[in-house]
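These are my comments on the model, set out as numbered points for you to read beside the sequence and the coordinates.

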Amino acid sequence: MKTTTVIGTGAIGTSVALALTRRGVSVHLEDVDRAAARTAQAMGAGSLDPPDQQVDLAVLAVPPAQVGSVLARVQESRMARAYVDVASVKKVPHDDVRAMRADPTSYIGSHPLAGTERSGPLAARADLFEGRPWVLTPSEATGQEVLNRALELVALCDGMPVVMDAGVHDHAVALVSHAPHLVSSLLAARLEHATEESVRLAGQGVADVTRIAAGDARLWGDILRSNASAVADVLDAFATGLGRAIGALRAVSDADADPAKRRGAQEDLEDLLREGNRGCARIARKPGTWRTELATVSVAISDKPGALAELFTSIGEIGVNIEDVRIEHAQDQTRGLVELVVQKDSAAELSRWLGAGGTWAVSG
Ligand SMILES: NC(=O)c1ccc[n+]([C@@H]2O[C@H](COP(=O)([O-])OP(=O)(O)OC[C@H]3O[C@@H](n4cnc5c(N)ncnc54)[C@H](O)[C@@H]3O)[C@@H](O)[C@H]2O)c1
Ligand SMILES: O=C(O)C(=O)C[C@]1(C(=O)O)C=C[C@@H](O)C=C1
């Protein structure tokens with residue numbers, strides 16, 4: 001990839017632009033807010049001059065609700081050969097692309113799972129995406145070249161590509177990003193009218209659980225609206241846990257309660273804390289540690305439009321998650337080798353499934 005235009009030079013767009021510039025890609029910057037674009041330029045993220053010819057890739061780093069309309073506009077001007085967005089939700093942009101009659105073949109959805117509670121170019125960092133998952137959500141219409149471009153983008157930013165269905169992505173991030181954000185906001189909101197005497201005692205614990213509550217309310221309102229029912233489902237389950245915790249706390253503090261009931265409530269409270277310990281242990285805190293759980297399945301495919309989409313659709317039927325994907329093209333350019341990285345315990349099942357239909361040549 002030689003040339004890119006980044007549209008939306010906020011925290012994420014400028015981070016992408018800085019990472020690409022660092023790798024020698026020529027980056028053009030665009031933003032409705034000229035001051036944001038000028039700041040990004042001053043930080044060395046790229047140039048405000050428009051490109052003199054079509055760029056290889058346009059990165060849309062605008063709020064989720066803007067993706068469809070911005071894509072339709074830039075495709076109209078034939079700005080790029082491929083287009084990718086980085087919005088935190090994927091289903092709404094995918095649907096908007098169709099609703100706005102934008103071209104779905106040159107577009108791929110994506111979402112880097114790295115960010116900051118701060119907005120604007122000054123919050124950007126060239127190394128923001130290093131070792132972080134970066135979800136790609138090709139639709140059935142997405143061209144293979146476009147997927148390859150997006151994979152190249154992720155590689156240039158040192159991210160770890162994860163190919164997923166847009167709806168599956170939205171359910172996953174409801175749990176690991178969007179509901180946590182709202183819970184953090186609700187907790188932080190308790191501090192608003194707290195006495196100075198209390199707030200002065202705030203230490204690292206409360207700072208850790210409320211850091212993300214400082215995020216931009218307008219952007220997060222857009223994200224939550226675009227993934228509302230999945231987030232509400234997570235919060236329903238959270239409310240059940242909250243109800244259990246409140247019930248147990250009331251019972252342990254009830255001096256008149258039967259001692260056996262108080263002991264039961266104390267056990268329930270500790271059970272809740274242990275459930276939290278186990279959930280906490282599921283998160284890989286060091287980037288890349290979870291890769292030890294992975295295995296590779298290689299599939300030969302013909303190098304023709306739609307072949308990758310067909311492969312991913314087939315994999316989607318058995319619900320195996322693709323954690324990473326690498327594509328190697330054979331010299332003759334008529335075939336390619338797709339290396340699918342999946343969880344170790346899904347690899348054998350995936351090989352069997354793909355091999356059984358007779359359509360794919362599989363190894364691994
Ligand atoms: N902040 C995060 O942690 C994070 C992480 C991953 C992905 N994202 C996603 O990245 C995108 C950008 O988020 P951000 O945190 O960089 O926000 P930001 O507010 O820092 O930057 C957004 C930029 O887009 C510009 N913009 C808005 N509408 C535009 C339009 N129509 N044309 C051109 N520019 C326009 C704004 O002026 C602003 O400079 C969002 O879709 C968000 O969901 C955010
Ligand atoms: O670390 C943070 O500040 C973030 O909130 C980043 C975070 C996340 O929830 O992990 C927030 C939203 C994005 O869409 C992706 C990443």
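1. Arg78 sits in the loop that runs between helix H3 (67–76) and E4, and its phi is near 55°, a positive value in a residue other than glycine. Please bear in mind here, as throughout, that this is a predicted model. Is Arg78 buried or exposed? Arg78 has 10 other C-beta atoms within 10 Å, and since a residue with 12 or fewer is taken as exposed, Arg78 is exposed.

2. Arg101 deserves the next comment, for Arg101 has a positive phi of about 60° although it is not a glycine. Arg101 is found in the loop between helix H4 (91–99) and E5, and it counts as exposed because it has 10 C-beta neighbours inside 10 Å.

3. On the sheet, seven strands are arranged in the order E2-E1-E3-E4-E5-E6-E7, forming an open sheet in which the pairing is mixed. Its edges are strand E2 (26–30) and strand E7 (160–163), each of which pairs on one side only, and the twist from one strand to the next averages 25°. Within this sheet, strand E4 (residues 83–85) and E5 run parallel and are joined by two bridges; the partner of Val84 in E5 is Ile108. Helix H5 (residues 144–156) packs on the sheet, where it touches strand E3 (57–60), E4, E5, strand E6 (133–137) and E7, and its direction makes about 25° with that of E5.

4. The domain assignment of the protein gives domain 1 (3–164), domain 2 (170–281) and domain 3 (289–363). The centres of domain 1 and domain 2, taken over C-alpha atoms, are separated by 33 Å, while at their contact ten residues of domain 1 meet 13 residues of domain 2. On the side of domain 1 that touches domain 2, the residues divide into five nonpolar, two polar and three charged.

5. Why does ligand 1 lie between domain 1 and domain 2? Both domain 1 (3–164) and domain 2 (170–281) give residues to the shell around ligand 1, so ligand 1 lies between them. The ligand is surrounded by 29 residues, of which the closest are Gly8, Gly10, Ala87, Ser88 and Gly115. Helix H1 (11–22), strand E5 (107–112) and helix H9 (217–226) each supply at least two residues of this shell, and the largest share, three residues, comes from H1. By class, the shell around ligand 1 holds 15 nonpolar, eleven polar and three charged residues.

6. Ligand 2 should be read alongside ligand 1. The residues around ligand 2 are Ser88, Leu113, Ala114, Gly115, Thr116, Glu117, Ser177 and Ile212, and this shell has three nonpolar, four polar and one charged residues. Ser88 and Gly115 are listed around ligand 2, and both are also among the closest residues to ligand 1.

7. A last comment concerns Glu328, whose place is in strand E9 (residues 324–329). Glu328 counts as exposed because it has 10 C-beta neighbours inside 10 Å. Leaving aside its neighbours within four places in sequence, Glu328 is in contact with Gly336 and Leu337. Glu328 and Gln41, which are 287 residues apart in sequence, are 35 Å apart in space, C-alpha to C-alpha.

Note on methods: Residues numbered from 1 in each chain as written. Chains lettered and ligands numbered in written order. Predicted model: local features only at pLDDT ≥ 70, side-chain atom pairs only at ≥ 80, totals over all residues. Near = placed C-beta within 6 Å. Helix = DSSP H or I, 4+ residues; strand = E, 2+ residues; numbered from the N terminus. Nonpolar A, V, L, I, M, F, W, Y, C, P; charged D, E, K, R; others polar. Domains from an automatic or database assignment. Pairing = 2+ DSSP bridges. Axes fitted to C-alpha atoms, helices over the stretch in contact; angles between N-to-C directions. Contact = placed C-beta atoms within 7 Å. Buried ≥ 20, exposed ≤ 12 C-beta atoms within 10 Å, placed from the backbone.
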